[in-house]
Structure formats: C-alpha cells, structure tokens
Amino acid sequence: MGHGRVRRLIASGLVGVFLASGMTGVTADAREREQTYTAGDKISRGLANVFLGFIEIPRNIHNTTAEDSILAGWTVGIGKGLGWMALRMLVGVYEVVTFPIEEPNHYAPVLEPGFVWDAPGPRVK
C-alpha cells in the first residue's frame, strides 16, 4: 500500500468521524436532557475521542492559565492535558470496542463531556 493511499484512507476516516460526530452533535443538547443515547452515539463519541483526544492538551493549558497563571498553564496544564488526553483516548477505544453493548446506562458517555469540544473541562462520571 503506497503512502498516498494510506493518507487518503486516514483522511477519509477522519472526515467520517467529523461527519458522524456532527450528525449526533445537532441533537446533543436534547439527548443530554432526555438521557437517551444510541450505539451510533457511542461509536461516534469513541472515534472522536480516539482521534481528537490530543485537544485536551491545549484546552488544559488554557484552562489552567485562566484559573492560575501562565507558568502554571505551561507546566501543570500540560501535565493535566496529557493525563486527560490519555484517559479520553482510552475511553474512546473502550467505546469503539463496546459500542454494540448498552453499558454503561444505555450508551451514556463514560466521560462528561462526551466530546472533547463540548465543554471547558472534563469530569469523570
């Protein structure tokens, strides 16, 4: 398999993740209020978290800088971001592998927010 074909395959996969997450993001507020999720929600969350978990690093740098100082942002924030990135990516793998299974709680997210871009900071449920 050539490098060009691998790049196209990866790009196609990422586009699919963005499209799938965008389709579920339209009704995300309503679903959170009703607490109803589907297997499609679970796999799109999982794929997005696997491929976009790295966003936790700049987000935690920003949040820590805003809460404390720029020095804390670039030291503690990087550490927090790396930790949350690893956790989010592992949870993403879990959600991709177990997407047909209704656990936990009828496809509910393991991490809140379910997607890295949904809120300013992560919390474990």
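**Exercise 1. Classify Tyr107 by accessibility and describe its backbone.**

Solution. At 13% relative accessibility, Tyr107 counts as buried, because buried means under 20% relative accessible area, exposed over 50% and partly exposed in between (1.4 Å probe, protein chains only). Tyr107 sits in the loop between H5 and S1. Helices (H or I, at least four residues) and strands (E, at least two) are DSSP runs, numbered from the N terminus. The phi of Tyr107 is positive, about 70°, although Tyr107 is not a glycine.

The model is predicted: local features need pLDDT of at least 70, side-chain atom pairs count only at pLDDT 80 or more, and totals for chains, interfaces and linings use all residues. Residues are numbered from 1 along each chain as its sequence is written, and side-chain values use heavy atoms, with hydrogens and water left out.

**Exercise 2. Describe His106 in the terms used for Tyr107, then find the cis peptide bonds.**

Solution. Step one: His106 lies in the loop between H5 and S1. His106 has a positive phi of about 60° and is not a glycine. Its relative accessible area is 49%, so His106 is partly exposed.

Step two: the peptide bond from Glu103 to Pro104 is cis, with omega near -5°. Pro104 belongs to the loop between H5 and strand S1 (111–112). The peptide bond from Glu112 to Pro113 is also cis, with omega near 0°. Pro113 is in the loop between S1 and strand S2 (123–124).

Step three, for background: most residues other than glycine have a negative phi, and most peptide bonds are trans.

**Exercise 3. Give the order of the elements and the overall totals.**

Solution. The protein has 5 helices and 2 strands. Read from the N terminus on, the elements run α-α-α-α-α-β-β. Of the 125 residues, 32% count as buried. Contact means heavy atoms within 4.5 Å. Among contacts between residues at least 6 apart in sequence, 65% join residues at least 24 apart.

**Exercise 4. Check the length of H3 and work out how H3 packs on H5.**

Solution. Step one, length. The expected span of a helix is 1.5 Å times one less than its number of residues. Helix H3 (residues 39–52) has 14 residues and should therefore span 20 Å; its end C-alpha atoms are 20 Å apart, which agrees.

Step two, burial. The buried residues of H3 are Asp41, Lys42, Ser44, Arg45, Gly46, Ala48, Asn49 and Leu52.

Step three, geometry. Two packed helices are described by the angle between their axes and the distance between the axes. Axes are lines fitted to C-alpha atoms, for helices over the stretch in contact, and angles run from 0 to 180 degrees between N-to-C directions. The axes of H3 and helix H5 (residues 70–97) come within 7 Å and cross at roughly 145°. The crossing of H3 and H5 is left-handed; a crossing has this hand if the near helix is turned anticlockwise from the far one by less than a right angle, and is right-handed if clockwise.

Step four, the residues that meet. From H3 come Lys42, Ile43, Arg45, Gly46, Leu47, Asn49 and Val50, and from H5 come Arg88, Met89, Gly92, Val93, Glu95 and Val96. By class, this contact of H3 with H5 has 6 nonpolar, 3 polar and 4 charged residues. Ala, Val, Leu, Ile, Met, Phe, Trp, Tyr, Cys and Pro count as nonpolar, Asp, Glu, Lys and Arg as charged, and the others, Gly among them, as polar.

**Exercise 5. Repeat the analysis for H4, and place Asn63.**

Solution. Step one: helix H4 (residues 56–67) has 12 residues and should span 16 Å at 1.5 Å a residue; its end C-alpha atoms are 16 Å apart, which agrees.

Step two: Glu56, Arg59, Asn60, Ile61, Asn63 and Thr64 are buried in H4, and what covers the buried residues of H4 includes H5.

Step three: the axes of H4 and H5 come within 7 Å and cross at roughly 140°. The H4 and H5 crossing is right-handed. By class, the contact of H4 with H5 has 10 nonpolar, 6 polar and 5 charged residues.

Step four: Asn63 is in helix H4 and, at 16% relative accessibility, counts as buried. Asn63 and Pro120 are 57 residues apart in sequence and 7.4 Å apart in space, C-alpha to C-alpha.

**Exercise 6. Find and classify the aromatic pairs.**

Solution. Rings of Phe, Tyr and Trp (its six-membered ring) pair if their centres lie within 6.5 Å; planes under 30 degrees apart count as stacked, over 60 as edge-to-face and the rest as tilted. By this rule there is 1 aromatic pair. The ring centres of Phe115 and Trp117 are 4.9 Å apart and their planes are at 20°, so the pair is stacked. Phe115 is buried, with a relative accessible area of 8%, whereas Trp117 is partly exposed at 44%.
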